[in-house]
Each structure stands twice: as structure tokens, then as C-alpha cells.
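Subject: Structure for your review

Dear colleague,

Please find the structure below, together with its sequence. My notes on what was found in it follow directly after.

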Amino acid sequence: MLPAPYRQLRERARELSFLQSTTALLYWDQQTFMPPQAMTFRAEQLSYFSGQAHRLFTAPEVGDWIAACEDAGMASDPGDADAAANVRGWRHDYDRATKLPAGLVEEYERAKVIANTAWAEARERSDFAHFAPHLEKVFGLTRRLADLWGYEADPYDALLEGFEPGARAAELDTLFATLRPAVVELLGPAAERSARVPADLLAGHYPEAQPAAFNREVAGAFGFDFAAGRINTTTHPFCNGLAPGDCRLTTRYDEGNFLVSLYGVLHEAGHGMYEQGLRREAFGTPAGMYVSLGIHESQSRLWENQVGRAREFWEHWLPRAVHYFPGLATRTPEEMFAAVNRVHPSFIRVEADQVTYDLHVILRFGLERRILAGELAIRDVPAAWNEEFEAMFGLKVPDDAHGCLQDIHWSEGLIGYFPTYTLGNLAAAQLYRRALADVPGLPGELAAGRYGGLLGWLREKIHAPGRRLASGELIAAATGEPTRVEHYLAGLREKFLE
Ligand code: ZN
């Protein structure tokens with residue numbers, strides 16, 4: 001029998017999971033179906049729920065229960081890995097949460113909903129001035145949160161801790177100092193080779209219904225369970241694992257280019273399969289929760305790029321694509337492979353090729369740190385973005401919709417999130433390499449369009465453990481070594497130069 005304080009924590013976590021999954025559902029509704037005039041009330045509603053959840057979790061008795069479990073040695077009990085993960089996870093989250101007053105949590109939530117609506121309008125019209133006051137507010141509140149959470153070296157560290165526990169800005173500086181020149185060196189020859197692939201090779205008219213059906217067929221084959229999830233349309237794609245048996249994906253369609261929604265869905269389905277692979281009975285506790293956003297992005301980037309942009313993918317899927325898009329009948333798998341791996345500097349991160357992708361991340365990381373440090377004023381963000389973008393990519397940004405307004409993240413307070421995409425890329429490359437070595441016959445399975453072996457391996461190594469291990473420990477346990485940039489770069493060189 002587990003001790004009473006632990007049972008009380010489990011009960012509190014259950015209550016919180018009802019509030020948090022309801023909040024997630026309201027957020028999903030806000031992004032998909034909510035009429036515009038509902039925004040003000042929705043902001044109040046979400047603010048109220050966040051405040052209530054915050055009060056329930058930060059109540060003094062919760063701290064007493066956690067301390068009692070720690071005193072009983074549960075945080076490091078090798079006999080009950082889930083209880084240990086839960087006590088450690090609750091401690092981490094409780095210490096962070098109790099640094100914030102509930103009023104500030106409510107204000108932040110309200111500001112984000114309003115900012116998010118303003119961002120969508122501003123992006124539509126490419127009107128930065130419309131978004132600027134909201135961005136100012138969100139960054140200001142985020143900086144206050146960082147100061148309350150506390151940090152040793154850099155306010156950015158306090159934000160990273162919420163997305164990728166243990167990550168530090170100084171370590172990212174070191175990583176990016178290796179990654180950036182290596183990618184830039186690769187970019188010239190890779191882009192030159194890609195120039196042989198006509199940019200309009202797959203140009204056509206792709207009304208939503210056909211890509212939607214094809215995307216669904218591929219995501220289903222990968223292993224996304226549509227009896228426990230669904231896909232809808234939004235401005236910015238996302239995945240929300242809002243309850244056991246209920247994982248919502250969203251995507252957006254480009255009628256001239258079916259690849260936008262296809263690779264968007266494969267990315268989000270990768271997130272979704274992680275959510276669906278968490279243990280249902282542990283839902284709402286750290287043991288049943290994703291370990292970090294970097295690991296979450298490793299799952300999405302693995303299915304999108306390592307699997308979805310591989311040669312074998314198109315060898316298997318081209319006939320089905322032709323069924324939905326008869327215009328592709330004259331294409332070969334090799335042409336499809338070349339077209340989906342066309343390397344060329346472009347404006348939009350989510351549509352970027354694998355070689356330039358991390359440059360988009362590095363740009364945002366630099367700007368976020370300057371804004372947080374008070375070195376870059378919000379009104380100067382577009383000019384700073386455009387200047388840095390041109391220096392990195394050699395392209396002039398035509399308007400802010402293709403520049404600093406493209407991503408949803410800042411409007412939602414996801415400041416410090418972008419580096420998790422690069423951490424995810426690194427982990428994805430390393431995990432995929434290891435899976436190929438570990439799973440007998442995996443290359444043959446993938447060539448035949450069978451994904452159960454790979455998904456099973458990820459379920460066991462990454463999904464089922466939840467937060468039992470920290471993200472670095474999880475990668476080391478799965479692959480036999482800590483995350484290394486070399487594997488990622490070797491994979492890029494192999495694909496784009498050889
Ligand atoms: Zn993602």
C-alpha cells in the first residue's frame with residue numbers, strides 16, 4: 001500500500017488533469033472552430049482555469065505531501081520507478097510553480113489568448129504594428145516570469161527549464177557554434193545539387209480533399225491511431241494530446257503544393273504517436289507525461305524527416321500518391337525523393353529543408369535572447385529579423401508575414417521553445433540510427449511501408465518511460481551515448497552530399 005501523502009498527490013494530480021485537459025480542449029477549439037467574437041470571454045475562461053489549476057497545485061499541503069514522500073525515500077526508490085518519477089517530477093514542477101503568484105499566471109494566460117488572436121490577424125495582413133503591443137506585453141510578462149523562476153547566468157535559462165529541463169543557453173551557444181558553420185558549409189554544395197531539380201516539379205492544383213485523404217492514409221500507416229485522435233485545419237499546425245484516447249492534430253493546406261500539409265501531418269503525427277504511446281493509466285502524472293519538448297520534437301522530426309523524406313518512403317508511397325494526385329503518374333520515386341529534399345534557402349521555417357532548418361532556429365534564439373536582455377526593442381524586431389535573415393540566408397524578407405510574424409510561438413508565450421527543434425533534430429538522427437541497428441530487418445520493413453517495428457522500438461525506449469528518466473538519460477539509455485551533433489551532421493552529409 002502506497003503511503004497516504006502519495007495517494008493524496010495522485011488524487012490531486014487527477015483533479016488537475018481534468019482542469020488541464022479541459023483547458024487544452026478549449027485551446028484546441030479556439031484554434032479550430034471558435035468564432036472571433038468569443039475571444040474575450042475565452043480569454044477570461046482560460047485565465048480562470050489556469051489560475052484554479054495553479055492554486056490547486058501550489059497549495060501548501062501539496063508541498064507537505066511531496067516532502068513526506070521524499071522523507072520516505074520515494075524519490076529514489078528503485079523498486080517503484082513510477083512513484084520515484086512522480087515524486088521527482090512533482091518536486092521540480094512544484095518548486096517552479098510556487099514562485100509565481102496566481103494573479104500573474106491568470107494575467108499571462110489572458111494576455112496570451114488576446115495576443116494569439118492579434119497575431120493571427122497581423123500575420124494575415126502582414127501588419128506588425130497590429131501585433132507589436134501584444135508582443136511587448138507577452139515578452140514583458142515572460143521576463144517577469146523568468147526573474148521569479150530565477151536563473152544563474154541568463155534569464156533565457158529560466159525559460160528553457162520549462163521546455164527542456166536542464167538545458168542552458170551557454171550550452172546552446174556551444175552547440176550552435178559547431179552546428180552553424182557545418183550547416184553553412186553543407187548548404188552551398190547541397191543547394192547546387194538541388195538546383196538540378198526544377199522548383200515546380202510537383203506544381204499542380206491540390207484541393208484540400210485529396211491531400212487530406214493521402215495524409216490520413218500515411219499517418220495511419222505510420223501508426224497514428226485515428227480511433228484515438230483526429231486532424232483539423234488551422235493557421236499554424238500543432239498537436240495536442242489532451243486526454244487518454246484523444247489526441248488532436250492540426251495542419252494547413254497549400255492548394256499549389258501538397259507537400260506542405262503532407263509533411264506537416266507527418267510531423268504532427270510523430271508528436272501524436274508519442275502522446276498515444278504514453279501510458280494511459282499514468283495520465284496526469286509525470287510518469288505518464290512526455291519528458292521534454294526536445295524529445296517531443298525528436299519524435300516529430302524522426303517521422304517527418306528520417307522516415308518521410310527517405311528514398312524508401314517514395315518507393316513505397318508513390319503509387320498511392322498517384323491514386324490521389326494523377327498528375328504525378330509520370331514521376332519516379334527518385335524524382336520524388338529529390339523534390340522533397342530540395343535544399344534552398346527560404347523564408348518559412350516549417351517548410352524549410354533539413355539543411356537550412358536549424359539556421360531558422362539559430363536566428364530566433366539570438367533574437368529572443370536580445371529581446372529578453374532588453375537589448376532589442378519590440379518595435380525594432382522586424383528590422384533586426386530582416387537584417388539577420390539576409391545575413392544568414394542571402395534573401396531579402398518581402399514582408400513580415402514571411403519574417404517575424406510567421407510563427408505562432410511568441411504570441412503564445414513559447415519563448416525559449418525554438419531550440420527544442422534543433423535538440424529534437426539531433427536526437428531524431430541518433431535514435432533512428434540506433435533503431436536501424438537494433439531492430440532486425442528494419443530497412444526491409446520500411447521499404448515495404450511497414451512501420452510497426454520502428455514504432456514498437458520508440459514506444460519501448462522513448463514513449464512508455466514518460467518522465468522516469470531525464471531527457472539526456474533517456475537518449476543515453478536508448479542509444480548508448482549522450483546526444484551528439486556528429487551523428488546529425490553525418491546524416492545530413494550522407495543524404496545531401498553523397
Ligand atoms: Zn513539432
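In this predicted model, helix H14 (residues 357-372) and helix H16 (residues 419-438) have axes that come within 8 Å and cross at roughly 145°. The crossing of H14 and H16 is left-handed. On the H14 side the contact involves Tyr-357, Asp-358, Val-361 and Phe-365, which meet Pro-419, Tyr-421, Thr-422 and Asn-425 of H16. Sorted by class, the residues of this contact are 5 nonpolar, 2 polar and 1 charged.

A second helix pair consists of H10 and helix H18 (residues 452-463), whose axes come within 10 Å and cross at roughly 65°. Here the crossing is right-handed. H10 contributes Met-273, Tyr-274, Gln-276 and Gly-277, while H18 contributes Leu-455, Arg-459, Ile-462 and His-463. The class count for H10 with H18 is 4 nonpolar, 3 polar and 1 charged residues.

H10 also bears on the metal site. Which residues of the protein act as donors to the zinc ion? They are His-267 and His-271, each through NE2, and Glu-297, which is listed with two OE entries; the donors lie 2.1 to 2.6 Å from the zinc ion. Along the chain, the donors follow the spacing H-x3-H-x25-E. Both histidines, His-267 and His-271, belong to helix H10 (residues 258-277), where they are 4 residues apart, about one turn of the helix. His-267 and His-271 are both buried.

As to geometry, the angles among the 4 donor atoms of the zinc ion run from 54 to 150°, and the site is irregular. For reference, the ideal angle for four tetrahedral donors at a metal is 109.5 degrees. The assignment can be traced to a cut-off: four donors count as tetrahedral only if all angles lie between 85 and 135 degrees, and the range of 54 to 150° at the zinc ion does not meet it.

Finally, I would draw your attention to Trp-149, which is placed in helix H6 (residues 128-149). Is Trp-149 buried or exposed? Its relative accessible area is 18%, and Trp-149 is therefore classed as buried, the cut-off being under 20%. Leaving aside residues up to four places away in sequence, Trp-149 touches Arg-96, Lys-99, Leu-100, Ala-158 and Leu-159. Thr-98 is 51 residues from Trp-149 in sequence, yet the two are 9.0 Å apart in space, C-alpha to C-alpha.

With kind regards

Terms used: Residues are numbered from 1 along each chain as its sequence is written. This is a predicted model: local features need pLDDT of at least 70, side-chain atom pairs count only at pLDDT 80 or more; totals for chains, interfaces and linings use all residues. Side-chain values use heavy atoms; hydrogens and water are left out. Donors are N, O and S atoms within 2.8 Å of the metal (3.2 Å for Na, K and Ca); water is not among the atoms, so sites may look incomplete. Four donors count as tetrahedral if all angles lie between 85 and 135 degrees; four count as square planar and six as octahedral if opposite donors are over 155 degrees apart and all others between 65 and 115; anything else is irregular. Helices (H or I, at least four residues) and strands (E, at least two) are DSSP runs, numbered from the N terminus. Buried means under 20% relative accessible area, exposed over 50%, partly exposed in between (1.4 Å probe, protein chains only). Axes are lines fitted to C-alpha atoms, for helices over the stretch in contact, and angles run from 0 to 180 degrees between N-to-C directions. A crossing is left-handed if the near helix is turned anticlockwise from the far one by less than a right angle, and right-handed if clockwise. Contact means heavy atoms within 4.5 Å. Ala, Val, Leu, Ile, Met, Phe, Trp, Tyr, Cys and Pro count as nonpolar, Asp, Glu, Lys and Arg as charged, and the others, Gly among them, as polar.
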